[in-house]
Amino acid sequence: RSYRGGVKVAMIAPAEAMNRKSFNALLKTLEEPTDDTFLLLTTSRSDRMPRTIASRCMRLRAPLPATAQALSWLGQTSPRAGWDGLLRLAHGAPFLAMEYAQAGLEDLDRQMENALAGAGKDHTDLIGNAQSWAEDAPAARLFWLESWLTRGLTKRPNLLYSHLVPRSSNLVPTRQTGFREVRARLHLSPEARPPGAASQALRG
């Protein structure tokens, strides 16, 4: 029961970071809900939520604002140059763009592009770069890298991995395998994610 006799509200954020045991425990709670209890699950990756959980929740989407609207808000909140580039880097999420600006990551896109510039010509040891990335905004770099890999896998997956994965490597050329290896070299937990990413809300 609530200490004050009112409703109980709990938030899980980010919900996709839970492991299997946590999801199973949550599922039992959702199957046997108590009165006057609300669970708020926030996630920016609803595709990583188990269907058994998502099917028992009411989905409330929080869409990103239009680019012009986001740039206007950023300019009024903190007048400065370069918001358009930061907003692109944050995939249109203004709060995340603000955090990138505060962390001095205006040049992150160019840095990462230069680091991977040889991927289309010569062999590039992506894993070898992870050590240096781990010392400078690793979560933001991983977010950038995941987006870059997603675009590449969508266009030409075999060519992309032929350049990024060493021929002597035992890595299976799948998206998730690559992410696990990079996360391990960056010393990030499986749930590591950049702060401030736009969320979707699931209310049970």
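In the predicted model, the side chains of Asp-136 and Arg-141 meet in a salt bridge, with an N to O distance of 2.9 Å. The two partners differ in exposure: Asp-136 is partly exposed, at a relative accessible area of 37%, whereas Arg-141 is buried, at 6%. In total, seven salt bridges are counted.

A network of salt bridges links Arg-45, Asp-47, Arg-48 and Glu-146. Within this network, Arg-45 pairs with Asp-47, the closest N and O atoms lying 2.7 Å apart, and also with Glu-146, for which the corresponding separation is 2.9 Å. The pair of Arg-45 and Glu-146 connects distant parts of the chain, since Arg-45 belongs to the loop between E2 and helix H2 (51-54) and Glu-146 to helix H8, 101 residues apart. Glu-146 is buried, with a relative accessible area of 12%, while Asp-47 is exposed, with a value of 55%.

The backbone of Arg-45 is also engaged: its nitrogen is reached by the side chain of Thr-43 at 2.9 Å. Thr-43 lies in strand E2 (residues 37-43) and counts as buried, its relative accessibility being 1%. A polar contact of 2.6 Å further joins the side chain of Thr-43 to the side chain of Glu-16.

Helix H8 (residues 138-155) also contains Trp-144 and Trp-148, which are four residues apart, or about one turn of the helix. Two aromatic pairs are present in the structure. In the pair formed by Trp-144 and Trp-148, the ring centres are 6.3 Å apart and the planes meet at 15°, so the arrangement is stacked. Both residues fall under the 20% limit for burial: Trp-144 has a relative accessible area of 6%, and Trp-148 has a relative accessibility of 13%. Elsewhere, Arg-80 lies over the face of Trp-83, at 5.3 Å from the ring centre.

At the level of the whole chain, ten helices and four strands are assigned, and their order from the N terminus is β-α-β-α-β-α-α-α-α-α-α-α-α-β. Of the 204 residues, 34% count as buried. The accessible surface comes to about 12800 Å², with 52% belonging to carbon and sulfur atoms. Among contacts between residues at least 6 apart in sequence, 67% join residues at least 24 apart.

Methods. Residues are numbered from 1 along each chain as its sequence is written. This is a predicted model: local features need pLDDT of at least 70, side-chain atom pairs count only at pLDDT 80 or more; totals for chains, interfaces and linings use all residues. Side-chain values use heavy atoms; hydrogens and water are left out. Helices (H or I, at least four residues) and strands (E, at least two) are DSSP runs, numbered from the N terminus. Buried means under 20% relative accessible area, exposed over 50%, partly exposed in between (1.4 Å probe, protein chains only). Contact means heavy atoms within 4.5 Å. Accessible areas come from the Shrake-Rupley method with a 1.4 Å probe; for residues, only the protein chains shown count as cover. Rings of Phe, Tyr and Trp (its six-membered ring) pair if their centres lie within 6.5 Å; planes under 30 degrees apart count as stacked, over 60 as edge-to-face and the rest as tilted. A charge sits over a ring if NZ of Lys or CZ of Arg is within 6 Å of the ring centre and within 35 degrees of the ring normal. A polar contact is a pair of N or O atoms within 3.5 Å; within protein, one must be able to donate a hydrogen and the other to accept it, and residues adjacent in sequence count only if both atoms are side-chain atoms. A salt bridge is a side-chain nitrogen of Lys or Arg within 4 Å of a carboxyl oxygen of Asp or Glu.
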